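Ready for some practice in reading a protein model? Work through each exercise with the structure open beside you, and try the task before you look at the solution.

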Amino acid sequence: MIRALIYLVIVIIGLIASPYLSWLKGYIYIAIGDYELETSLVFAMFAAVMFYVGLVLLEMLVVWSVNLVLNSRLLPEKWRRKAARKHTLTGALALAEEDWSTAEKAMARGADKGEIPALNLLAAARAAQHRNDHDARDHYLNEAAKDPAAYKAVLTTRVRYLLQQGELTRARALLDELNPTSKSKPPVLGLALDLYRAQEDWSALKLLLPIVKKRGIIDETEHQQLNAEVNLALLKQAAGQNEQALEKAWHWLSRVERKQTEFIAQYALGLAKFERRDEAIKLLMKQAKQQPTQAIFDALPQVLTPADLDARKQLFELEKKLGEQTEYQACIAALYDQSKEFRESQKWWLRVCQQSPTKQRWLALAEACEHLGEQNQALQNYRKAAIF
């Protein structure tokens, strides 16, 4: 269009300038066979310009005609693409409004002639998942998986939906196909973290934790909490298997972790199961004197018996130092329960409940009262436990 305007300007300038150029002398004679042409130089130049402009206009007409014919033949295809874009927009707005039924229908319609069909199909699958229509969801995902570029995205989406659906075994098979490693994308690592926890696959989770921490999927606080949960679970799991598994789990911990009382307590409980009670008692008593914590005092009554007089005596002697700690008081009360000295255990449980009551502690106090024949007091403590 701009080029045509330039030509028009040139023609107009020529028309305006031609009277002023008429004084120029010039003569052109052309003879072709029996035809002869005589004209002035000015007119010949003007005729040449007009001829060129005519060719340009003819070219524009031909191009316009060809485009008109082609567009008329491809017009239905353009209509379908325009309709697909409209359906996609409608589906996107419905997704934002969480109108899952409308979103699914619109996205499915827009997938046929859409610019990125896999994207429409994944969105339709998401809407179907929210409607709990698993058959439709799987159909959309199968269609989207036909695009090689979208295969991993579809696989990741399947794992997420199966995890939400509670089908952990199927989700794990697909996750193993994705093979989560340090080079995997954050969504895959996040899914692996959730799935391993749901399956209680503590060994896999132990190996994954450093990766998700390094990639920033969890922060330092979450890492510490998860790491403690995993280590305790591994020790407890190993204690239910055999002594070799327990030692393997214990030495899997770092040197710093093997000094933490919660892990020491769980390890001692495992030792006691494999006829290594003396070693377990020694380990727990050492920690009770050096690092008295709730985990240690919770484990001691589970390892000690009324026959362990020396260890019990050492614990009683710690009253001057630790008598104000409720964890120590609860430990002593539990030891008196073991030896059926309910009058003493009642006193200790009462002190515990006055300082730091819990449902289990109220129940323990009620049971001590019941053994002593104090039924009214026992009922009151049971009520406190029930409403705690």
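**Exercise 1. Place glutamate 200 and asparagine 132 in the chain, and describe their phi angles.**

Solution. Start with glutamate 200, keeping in mind that this model is predicted. Glutamate 200 sits in the loop between helix H8 (186-199) and helix H9 (202-214). Its phi is positive, about 55°, although the residue is not a glycine.

Now turn to asparagine 132, in the loop between helix H4 (117-130) and helix H5 (134-144). Here phi is near 60°, again a positive value in a residue other than glycine. Asparagine 132 counts as exposed because its relative accessibility is 59%, and the cut-off for exposed is over 50%.

**Exercise 2. Describe the protein chain as a whole: which elements does it have, and what share of it is buried?**

Solution. Begin with the elements: the protein chain has 20 helices and two strands. Next comes burial: of its 388 residues, 36% are buried. Then look at the surface, where the accessible area is about 24,100 Å² and carbon and sulfur atoms account for 57% of that. Finish with contacts: among those with a separation of 6 or more, 47% join residues 24 or more positions apart.

**Exercise 3. Is threonine 157 buried or exposed, and is tryptophan 64 buried or exposed?**

Solution. First find threonine 157, in helix H6 (residues 151-165). It counts as buried because its relative accessibility is 12%, and buried means under 20%. Not counting residues up to four places away in sequence, threonine 157 touches Leu122 and Leu141.

Then find tryptophan 64, in helix H2 (residues 41-96). With 55% relative accessibility, tryptophan 64 counts as exposed. Trp64 also helps make a nonpolar surface patch of about 720 Å², together with Phe51, Leu55, Leu58, Leu61, Val62 and Val66.

**Exercise 4. Explore the largest nonpolar core: which members touch the most other members?**

Solution. This core has 49 residues, and those touching the most other members are Leu284, Phe297, Leu300, Leu315 and Trp349. Helix H17 (residues 326-338) gives the most to this core, with eight residues.

Take leucine 284 as an example. Leaving aside neighbours within four places in sequence, leucine 284 is in contact with Ala265, Ala268, Ile296, Ala299, Leu300 and Val303. Nor is this the whole story, as a second, separate core of 26 residues includes Leu175, Leu209, Ile218 and Ala233.

**Exercise 5. How many aromatic pairs are there in the whole structure? Describe two of them.**

Solution. A search of the whole structure gives four aromatic pairs. One of them joins phenylalanine 297 and tyrosine 328, with 5.7 Å centre to centre and 75° between the planes. Angles over 60 degrees count as edge-to-face, so this pair is edge-to-face. The pair links distant parts of the chain: phenylalanine 297 is in helix H14 (residues 294-303) and tyrosine 328 in helix H17, 31 residues apart. Phenylalanine 297 is buried, with a relative accessible area of 1%, and tyrosine 328 is buried too, at 0%.

Another pair joins phenylalanine 316 and tyrosine 336, and it is stacked: 5.3 Å centre to centre, with 15° between the planes. Phenylalanine 316 belongs to helix H15 (residues 309-317) and tyrosine 336 to helix H17, 20 residues apart. Phenylalanine 316 is partly exposed at 28%, whereas tyrosine 336 counts as buried at 13%.

As a last step, look for a cluster: ring pairs link Phe297, Tyr328 and Trp348.

Conventions. Residues are numbered from 1 along each chain as its sequence is written. This is a predicted model: local features need pLDDT of at least 70, side-chain atom pairs count only at pLDDT 80 or more; totals for chains, interfaces and linings use all residues. Side-chain values use heavy atoms; hydrogens and water are left out. Helices (H or I, at least four residues) and strands (E, at least two) are DSSP runs, numbered from the N terminus. Buried means under 20% relative accessible area, exposed over 50%, partly exposed in between (1.4 Å probe, protein chains only). Contact means heavy atoms within 4.5 Å. Patches are made of residues with over 30% relative accessible area and no salt bridge: like charges are joined within 9 Å, nonpolar side chains (Val, Leu, Ile, Met, Phe, Trp, Tyr) within 5 Å. Accessible areas come from the Shrake-Rupley method with a 1.4 Å probe; for residues, only the protein chains shown count as cover. A salt bridge is a side-chain nitrogen of Lys or Arg within 4 Å of a carboxyl oxygen of Asp or Glu. A nonpolar core is a set of buried Ala, Val, Leu, Ile, Met, Phe, Trp, Tyr and Cys residues joined through side-chain atoms within 4.5 Å. Rings of Phe, Tyr and Trp (its six-membered ring) pair if their centres lie within 6.5 Å; planes under 30 degrees apart count as stacked, over 60 as edge-to-face and the rest as tilted.
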